[in-house]
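Subject: The structure we talked about

Hi there,

Here is the structure I promised to pass on. Have a look at it first, and then read on for what turned up.

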Amino acid sequence: WQEKADVIRKEVIAHGDWLVKRGLHYPISEVDYEQSIVAPAVDCLVQAYQVSGDEKYLDEAGRQLEVLKLFHAKQPDHHQFANAIRHWDGYWFGKDEMLGDTYPHYWSALTGIAWLRYMQAAGVEMNVEEVRAILRGPLSLFAENGEASCAMVFPERVNGKKGHFYDAWANDQDWALYFALKYDAIVRG
């Protein structure tokens with residue numbers, strides 16, 4: 001297994017080097033710039049630091065974490081509180097194929113995970129309440145009776161159609177539950 005471990009270690013470091021070189025110039029994905037592009041970059045940089053011990057990766061992870069935090073506002077509406085904006089997830093994953101920003105979405109939890117891993121690696125004091133809010137924000141996709149939705153189309157109206165509803169389809173939102181259960185125990189210590 002040592003040979004495989006060495007190959008993986010080299011790949012993690014090579015990817016970390018690529019991320020350091022690119023900095024905040026992220027590759028374009030489904031949208032040009034979103035939280036679920038930045039969060040994995042932070043996480044991969046932390047991993048490069050963990051396997052190499054080279055502070056440059058942790059420094060870059062900290063710089064990118066500051067950008068990542070900008071996606072999570074403390075809005076008074078629970079759909080938006082500590083949940084990153086998502087674009088068109090109701091269209092791509094929902095029954096109604098409705099365009100419009102979605103709050104919350106289970107991938108919003110990726111910020112909490114990246115933040116938690118960075119704080120652990122850097123040895124900085126954890127803002128427990130903020131990380132818990134990010135991890136728990138997507139749980140509003142679940143109703144009290146256990147039913148769930150893949151997305152909440154947030155705008156009141158989108159292209160003349162009524163919005164502000166939970167899509168009828170339930171798919172993948174279990175990631176929100178998984179992330180909350182797995183990482184909340186770590187946050188609480």
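To start with a small puzzle: which residue forms a salt bridge with Arg-63? The partner is Glu-60, and the closest N and O atoms of the two are 3.1 Å apart. Before going further, please keep in mind that this is a predicted model. Both residues belong to helix α3, which covers residues 55-69, and they sit three residues apart, about one turn of the helix. In general, an α-helix has 3.6 residues a turn, so residues three or four places apart point the same way. The two partners differ in cover: Glu-60 is buried at a relative accessible area of 9%, whereas Arg-63 is partly exposed at 42%.

Salt bridges

The count of salt bridges comes to seven. One of them joins Arg-86 to Glu-34, with 3.6 Å between the closest N and O atoms. This pair links distant parts of the chain, 52 residues apart: Arg-86 is in strand β1 (residues 86-87), and Glu-34 is in the loop between α1 (2-22) and α2 (35-52). Arg-86 has a relative accessibility of 4% and counts as buried; Glu-34, at 6%, counts as buried too. Arg-86 also forms a salt bridge with Asp-89, where the closest N and O atoms are 2.7 Å apart. Asp-89 is buried, as is Arg-86. Through shared partners, the salt bridges join Glu-34, Arg-86 and Asp-89 into one network.

Aromatic rings

There are ten aromatic pairs in the structure. One of them brings together Trp-107 and Phe-179, whose ring centres are 6.1 Å apart with 40° between the planes, a tilted pair. Trp-107 lies in the loop between β2 (101-102) and α5, while Phe-179 is in helix α7 (residues 174-188), so the pair ties together parts that are 72 residues apart in sequence. Phe-179 is buried, with a relative accessible area of 7%, and Trp-107 is partly exposed at 25%.

Helix α7 has another pair to look at. The rings of Trp-175 and Tyr-178 meet edge-to-face because their planes are at 85°, with the centres 5.6 Å apart. These two residues are three apart in helix α7, about one helical turn. Trp-175 is partly exposed at 38% relative accessible area, and Tyr-178 is partly exposed at 42%. Together with Tyr-106, the residues Trp-107, Trp-175, Tyr-178 and Phe-179 form one aromatic cluster.

Helix α5

The loop that holds Trp-107 leads to α5, which runs over residues 109-122 and has 14 residues. From its first C-alpha to its last, α5 reaches 20 Å, close to the 20 Å expected at 1.5 Å a residue. The helix is mostly covered, with eleven of its 14 residues buried. Among those buried residues are Leu-110, Ile-113, Trp-115, Leu-116, Tyr-118 and Met-119. After α5 comes Gly-123, with a positive phi near 70°.

Cysteines

How many disulfides does the structure hold? The number is zero. As for cysteines you may come across, Cys-150 is buried, with a relative accessible area of 1%, while Cys-44 is partly exposed at 24%.

If you open the model now, the network of Glu-34, Arg-86 and Asp-89 and the aromatic cluster that includes Trp-107 and Phe-179 are two places to begin.

Best wishes

Conventions:
Residues numbered from 1 in each chain as written. Predicted model: local features only at pLDDT ≥ 70, side-chain atom pairs only at ≥ 80, totals over all residues. Heavy atoms only, no water. Helix = DSSP H or I, 4+ residues; strand = E, 2+ residues; numbered from the N terminus. Expected span 1.5 Å × (residues − 1). Buried < 20%, exposed > 50% of the residue type's maximum accessible area, 1.4 Å probe, protein only. Phe/Tyr/Trp six-rings, centres within 6.5 Å; stacked < 30°, edge-to-face > 60°. Disulfide = S-S within 2.5 Å. Salt bridge = Lys/Arg side-chain N within 4 Å of Asp/Glu carboxyl O.
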